Amino acid sequence: LYALDAVHRAAAYAWLGGVAHLVLFGFAGPSAAEVRAVLPRAARLFAGCVGVLVAIGTVLAIPYLGSWGALVGTSYGALLAGKLTLLACLLGLAAINHRTVSRVARGDDPPVLVLWRFAEIEVGLGIATLLIAATLASTPPGVDVGAEVATAGEVAHVFTQGWRDLADLGRSGFDIGVVGVS
């Protein structure tokens, strides 16, 4: 698993680092010829990185998660769901950018400014995804939690119970001494 994890990280860093460098390239105001020379090659590199990233990420997530219940019933599962959500957003932006790059490769004159702005957003979402991945690395995997996995019903109950009124708890006011704050 360590080797797969290393390749997974390398693909993520190559993709997001490459997009960050592409943003810097865009800030430099390249000529149309330079854009046509660089973007298609970068797009092929990024597509390969994303393919490796998703494939290995799937292979790694299954043994670490342990069960489908752990996806909603553990902190590891919640973080993984957040990472997958951000990845879906990243893939959507990447698909839009890839379409623009295809137009550049054909010699069309697409709105390149949109490409650079979407690439900036892609870098920001990528950094957020890396931060979630760092948090995942320090969270016990769902497979290790065992019987402490919350059921979907328990998770739903937490999100549907709403705000509690102090009067419902048998108190007419807020007593700071009960809370333990001095």
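Me: Helices here are DSSP runs (H or I) of at least four residues, numbered from the N terminus. How many helices does the protein chain have?
Reply: This is a predicted model. The protein chain holds zero strands. Its pattern along the sequence reads α-α-α-α-α-α-α-α. The count of helices is eight.

Me: R9 and D5 both lie in one helix; which one?
Reply: R9 and D5 form a salt bridge, with their closest N and O atoms 3.0 Å apart. They sit four residues apart, about one turn of the helix. The helix that holds both is helix 1.

Me: Is R9 buried, partly exposed or exposed?
Reply: Buried needs under 20% relative accessible area, and exposed needs over 50%. R9 has 40%, so it falls in between. D5, its salt-bridge partner, has 25% and gets the label R9 gets: both are partly exposed.

Me: How many salt bridges does a search of the whole structure find?
Reply: One joins R9 to D5. Another joins E120 to R117, with the closest N and O atoms 2.9 Å apart. The search of the whole structure gives a total of two.

Me: Which helix holds E120 and R117?
Reply: E120 is partly exposed at 29% relative accessible area. R117 is partly exposed too, at 39%. They are three residues apart, so about one helical turn separates them. Their helix is helix 5.

Me: Which residue pairs with F25 as an aromatic pair?
Reply: A search of the whole structure finds one aromatic pair. Its ring centres are 6.1 Å apart. The partner of F25 is W116.

Me: Is the pair of F25 and W116 stacked, tilted or edge-to-face?
Reply: The angle between the planes is 75 degrees. Planes over 60 degrees apart count as edge-to-face, so that is the label for F25 and W116: edge-to-face.

Me: How many residues apart in sequence are the parts that this pair ties together?
Reply: F25 lies in helix 1 (residues 2–27). W116 lies in helix 5 (residues 112–137). The pair therefore ties together parts whose separation, in residues, is 91.

Me: Is W116 buried or exposed?
Reply: W116 has a relative accessibility of 8%. The limit for buried is under 20%. W116 therefore counts as buried.

Me: Which helix gives the most to the largest nonpolar core?
Reply: This core has 24 residues, and W15, V19, L22, L39, F46, L115 and W116 have the most contacts inside it. Helix 1, helix 2 (32–65), helix 4 (75–105) and helix 5 each supply at least two residues. With eight residues, the helix that gives the most is helix 2.

Me: How many residues make up the second, separate core?
Reply: In soluble globular proteins, nonpolar side chains tend to be buried together. Here a second core stands separate, and includes A61, Y76, L80 and L136. Its number of residues is six.

Me: Which residues does F46 contact, leaving aside its neighbours within four places in sequence?
Reply: F46 is among the residues with the most contacts inside the largest nonpolar core. Beyond those sequence neighbours, F46 is in contact with A14, W15, G18, V19 and L22.

Me: Which residues make the nonpolar surface patch of about 240 Å²?
Reply: L1 is one of them. It is placed in the segment before helix 1. At 51% relative accessibility, L1 counts as exposed. The patch is made by L1, L4 and V59.

Me: What share of the 182 residues in the protein chain is buried?
Reply: The accessible surface comes to about 11,100 Å², with 67% belonging to carbon and sulfur atoms. Buried residues make up 29%.

Methods:
Residues numbered from 1 in each chain as written. Predicted model: local features only at pLDDT ≥ 70, side-chain atom pairs only at ≥ 80, totals over all residues. Heavy atoms only, no water. Phe/Tyr/Trp six-rings, centres within 6.5 Å; stacked < 30°, edge-to-face > 60°. Buried < 20%, exposed > 50% of the residue type's maximum accessible area, 1.4 Å probe, protein only. Core = buried A, V, L, I, M, F, W, Y, C linked by side-chain atoms within 4.5 Å. Contact = heavy atoms within 4.5 Å. Patch = residues over 30% accessible without salt bridge, like charges linked within 9 Å, V, L, I, M, F, W, Y side chains within 5 Å. Areas by Shrake-Rupley, 256 points an atom, 1.4 Å probe, with all protein chains shown as cover. Salt bridge = Lys/Arg side-chain N within 4 Å of Asp/Glu carboxyl O.
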